[in-house]
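User: I should like to learn how to read the features of a structural model, beginning with the pairing of strands. Please give the general idea each time and then the case at hand.

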Amino acid sequence: GPQFSFNVGDDVKHWFGDDGVLKELDEARRGESEKVGNLVILHLMGSHVEYLDRYPQKTWRRFTPEMYDRPELTRYQRRLLSEYDNSLLYNDSIMAEITRRFEDKDAVVIYMPDHGEEIFDEKPYVYGRNHSSEIDRRVARSEYEIPFWIWGSPVYRERHPYNWMAIQDAKDRPMMTDVLPHLLMFLGGISTPLYHPEYNIISPDYDVRRPRMLKGTTAYEK
């Protein structure tokens with residue numbers, strides 16, 4: 001019979017708060033079977049520009065321009081900085097809610113943005129992304145280096161102690177997101193000739209010397 005990689009999806013966009021994604025997640029998981037392994041992919045708006053539109057204004061305006069000791073920035077720039085920080089704080093709350101929804105399951109949650117953004121880090125001051133720029137130290141650090149973390153539920157840690165130990169041991173290894181499928185195949189117990197342990201970040205055979213190429217031209221390490 002036919003094999004499905006994905007059997008549920010949607011094309012709904014939530015422009016003003018990722019809490020809408022949480023509601024969709026709750027609805028999709030109604031009647032979820034414990035006997036079937038599930039892969040859930042959530043695409044968040046996160047802290048993408050414009051930052052003011054990424055969090056509920058009435059409840060998540062915690063940072064204000066007056067809080068920043070940055071006299072070299074204009075008030076407008078400090079306002080943008082505060083909006084960016086508010087969007088990060090709100091995004092953290094969404095990730096906390098996502099992990100809470102899986103805390104009683106045999107589950108792992110993997111989080112990664114698709115890119116970083118500059119936000120008045122150094123002169124000349126800019127915010128957002130420089131899509132057309134050549135890869136230099138500044139762009140590589142601010143726009144290509146991203147957070148990546150793996151959370152394991154208490155149930156997962158108890159049932160898979162060696163996997164959880166391997167996850168913790170891998171915390172300082174260099175990685176690029178193009179190898180993520182190999183980690184997912186390993187965690188999902190999927191056996192296929194397409195799997196390569198040297199691309200699995202938590203495998204003892206992981207290749208830590210593999211160059212991480214940006215735009216296909218420049219190694220991140222350089």
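User: How many bridges join strand S1 to strand S4, and in which direction do the two run?

Analyst: Two strands pair if DSSP finds at least two bridges between them. Helices (H or I, at least four residues) and strands (E, at least two) are themselves DSSP runs, numbered from the N terminus. Here S1 and S4 (residues 149-152) run antiparallel, and four bridges join them. Within this pair, Tyr111 stands opposite Trp149 of S4. The model is a predicted one, in which local features need pLDDT of at least 70 and side-chain atom pairs count only at pLDDT 80 or more, while totals for chains, interfaces and linings use all residues. Residues are numbered from 1 along each chain as its sequence is written, and side-chain values use heavy atoms, with hydrogens and water left out.

User: Which residues of S1 are on its covered face, and which on its uncovered one?

Analyst: In S1 (residues 108-111), Val109 and Tyr111 form the covered face, whereas Val108 and Ile110 form the uncovered one. To see what Val109 touches, one uses contact, meaning heavy atoms within 4.5 Å. Not counting residues up to four places away in sequence, Val109 touches Met95, Ile98, Thr99, Phe102, Trp149, Ile150 and Trp151.

User: How many residues does the largest nonpolar core have, and which have the most contacts inside it?

Analyst: In soluble globular proteins, nonpolar side chains tend to be buried together. A nonpolar core is a set of buried Ala, Val, Leu, Ile, Met, Phe, Trp, Tyr and Cys residues joined through side-chain atoms within 4.5 Å. Buried means under 20% relative accessible area, exposed over 50%, and partly exposed in between (1.4 Å probe, protein chains only). The largest core here has 15 residues, and those with the most contacts inside it are Leu44, Tyr90, Ile94, Met95, Ile98, Phe102 and Val109. H1, H2 and S1 each supply at least two residues of this core, and H2 gives the largest share, four residues. Another core lies apart from it, with 13 residues, among them Ala166, Ile167, Leu180 and Ile202.

User: Which residues of helix H6 are buried, and what covers them?

Analyst: In H6 (residues 180-187), the buried residues are Leu180, His182, Leu183 and Met185. The elements that cover them include S1 and S4. Just after H6, Gly189 takes a positive phi of about 65 degrees.

User: Which residue in the loop between S2 and S3 has a positive phi although it is not a glycine?

Analyst: That residue is Phe120, with a phi of about 60 degrees, located in the loop between S2 and S3. Phe120 counts as buried because its relative accessibility is 4%. One of its contacts is Gln77, a residue of helix H2. Leaving aside neighbours within four places in sequence, Gln77 is in contact with Glu72, Phe120 and Tyr125. Gln77 is also buried, at a relative accessible area of 16%. A further positive phi, near 55 degrees, belongs to Lys215, in the loop between strand S5 (213-214) and strand S6 (218-219). Lys215 is partly exposed, with a relative accessible area of 45%.

User: Where are the cis peptide bonds from Val49 to Glu50 and from Lys123 to Pro124 placed?

Analyst: The bond from Val49 to Glu50 is cis, with omega near -5 degrees, and Glu50 is in the loop between helix H1 (19-28) and helix H2 (75-100). The bond from Lys123 to Pro124 is also cis, with omega near -10 degrees; Pro124 lies in the loop between strand S2 (118-119) and strand S3 (127-128).

User: What is the volume of the largest cavity, and which residues line it?

Analyst: On a 1 Å grid over the protein atoms alone, a cavity is a set of points where a 1.4 Å probe fits but cannot get out; lining residues have an atom within 4 Å of a point. Grid points are joined across faces, edges and corners, and a volume is the space filled by probe spheres set on the points. The largest cavity has a volume of about 60 Å³. Its lining consists of Pro174, Met175, Met176, Val179, Tyr206, Asp207, Val208, Arg210, Arg212 and Glu221.

Note on methods:
1 Å grid on protein atoms, 1.4 Å probe; cavity = no way out; pocket = protein on both sides within 12 Å on 5 of 7 lines; lining within 4 Å.
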